[in-house]
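Welcome! Here is a short tour for anyone meeting this structure for the first time, with a few stops along the way.

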Amino acid sequence: MCPGPNSNLKMDDPIELSKAGYTHIDGTPKPQPIPKPQFTLTELKAAVPAHCFERSMVKSFGYLAWNLLVCIVLFYGTYILLELLSLPLVIKVPAYLAYWFVQGSYMAGIWVIAHECGHQAFSENHIVNDIVGLIFHSALLVPYHSWKITHRRHHSNTGSCENDEVFVPVCQSQLKPSWSETLEDSPIYNLYKITLMLVVGWMPGYLCFNGWGPKKYRNGPKSHFNPYATFFLPKERLSIVLSDIAFAAAVSVVGYCIYTYGFALVFKLYLAPYVVTNAYLVLITFLQHTDTYIPHFREGEWTWLRGSLCTVDRTFGKWLDEVLHHIVDTHVCHHIFSKMPHYHASEATEALKPILGQYYLKDTTPVFTALWRSFTHCKFVPDDGKVVFYQKSM
């Protein structure tokens with residue numbers, strides 16, 4: 001933990017905002033008010049129509065079935081058109097690129113539904129939720145229970161400089177001089193780093209090494225596949241083993257397909273879209289919690305509600321927002337009411353806005369513009385202060 005004195009910051013005080021590290025960047029929304037919100041979780045829940053909290057197993061299975069149908073049609077349609085027919089490369093190459101993007105997007109949609117299982121938002125039956133989550137996260141090479149445990153801790157500690165689980169801000173004093181500092185302003189170098197983050201940030205970066213995790217885990221085992229990892233309790237170890245078995249079974253199926261049909265075909269039809277899906281997971285998580293106007297809090301200022309509001313709604317465009325089951329454009333609501341199913345989140349978000357007021361963050365910046373801004377400007381937070389914002393350079 002980086003120590004720092006308590007602060008009594010005033011709302012919209014530019015001097016205090018500057019002390020906290022905030023610097024306005026053109027095109028960004030106004031930062032949240034510094035004082036703690038005066039509304040309560042009870043008031044927020046009362047503002048949302050009661051039916052928004054209802055979880056329908058039938059409706060959830062309907063969304064899952066549709067998602068699976070689209071993926072199956074894309075899979076076999078692409079195989080028939082691009083592998084069985086003798087088409088020229090000038091058609092095959094762009095067609096496969098389009099397939100990877102679209103299939104990877106719909107696979108990310110399945111991931112979001114399995115993610116809802118981890119929050120018990122899929123249905124009111126915990127056993128059904130965990131069975132569905134285990135099957136479909138394993139099919140996407142995700143250790144379901146392992147991820148569910150750390151993801152819940154993320155929701156329990158969002159915005160905390162000490163205890164959040166992913167993309168935790170680095171303090172200025174923790175930065176070590178590196179030869180790469182000379183390349184920090186190079187567009188090519190930053191593009192390389194962004195690409196690296198998107199391609200390997202989830203697997204193996206986060207799942208195997210807990211990259212971008214909190215400092216408190218650094219001296220112990222931190223793989224999501226290790227039942228004895230620092231972030232698992234003894235009572236959780238059996239579920240980690242179960243996740244590992246299901247993961248190994250899924251990897252075995254992929255290995256069998258490679259042995260039977262060849263690596264090239266498996267790569268083109270499954271592995272390449274899988275990489276796109278993983279890139280979505282990193283992109284969504286990074287952008288929802290990292291930007292120049294999003295505050296982070298240290299012990300003494302952090303509260304659960306304050307941290308839950310320390311996220312931002314964005315849009316990937318109408319089509320992708322639908323494909324990704326609104327995990328992007330209703331993320332604030334998701335952090336406040338994580339058991340709410342996605343098909344009610346848009347209505348609930350509209351009901352919450354009048355209560356949240358200036359505490360509701362929404363950013364309409366185009367996705368890749370926002371990604372570039374966040375990656376190049378959000379390098380560290382000040383050592384001092386209980387409420388801090390990202391800064392760009394030393």
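A residue counts as buried when its relative accessible area is under 20%. Keep that cut-off in mind, and remember too that this is a predicted model.

Let us start with Phe167. It sits in the loop between helix H6 (144-156) and H7. With a relative accessible area of 7%, which is under 20%, Phe167 is therefore buried. Its backbone also deserves a look: phi is positive, about 50°, although Phe167 is not a glycine. Most residues other than glycine have a negative phi.

Gln120 tells a similar story in another loop, the one between H4 and H5. There, phi is near 65°, again a positive value in a residue other than glycine. Is Gln120 buried or exposed? Its relative accessible area is 2%, so Gln120 is buried.

The table puts these two loop residues side by side.

| Residue | Phi | Relative accessible area |
|---|---|---|
| Gln120 | near 65° | 2% |
| Phe167 | about 50° | 7% |

The next stop is a peptide bond. Most peptide bonds are trans. The bond from Met203 to Pro204, however, is cis, with omega near 10°. Look for Pro204 in helix H7, which covers residues 187-209.

Now turn to helix H13 (residues 342-356), where His344 has its place. His344 has 10% relative accessibility, so it counts as buried. Which residues does His344 touch, leaving aside its neighbours within four places in sequence? His344 is in contact with His51, Cys52 and Glu54.

Finally, have a look at the second largest pocket, which holds about 840 Å³ of space. It is lined by 24 residues, and those closest to its centre are Phe75, Val253, Cys257, Leu269 and Tyr270. Several helices each supply at least two residues of this lining: H3 (57-84), H4 (89-118), H5 (126-139), H8 (237-261) and H9 (263-289). Which helix gives the largest share? That is H3, with six residues. As for the character of the lining of the second largest pocket, 22 residues are nonpolar, two are polar and none is charged.

To retrace the route in the model, you might begin at the buried residue Phe167, go on to the cis bond from Met203 to Pro204, and end among the residues lining the second largest pocket, with Phe75 and Tyr270 among those closest to its centre.

Technical notes. Residues are numbered from 1 along each chain as its sequence is written. This is a predicted model: local features need pLDDT of at least 70, side-chain atom pairs count only at pLDDT 80 or more; totals for chains, interfaces and linings use all residues. Side-chain values use heavy atoms; hydrogens and water are left out. On a 1 Å grid over the protein atoms alone, a cavity is a set of points where a 1.4 Å probe fits but cannot get out, and a pocket is an open set with protein on both sides within 12 Å along at least five of seven lines; lining residues have an atom within 4 Å of a point. Grid points are joined across faces, edges and corners, and a volume is the space filled by probe spheres set on the points. Helices (H or I, at least four residues) and strands (E, at least two) are DSSP runs, numbered from the N terminus. Ala, Val, Leu, Ile, Met, Phe, Trp, Tyr, Cys and Pro count as nonpolar, Asp, Glu, Lys and Arg as charged, and the others, Gly among them, as polar. Buried means under 20% relative accessible area, exposed over 50%, partly exposed in between (1.4 Å probe, protein chains only). Contact means heavy atoms within 4.5 Å.
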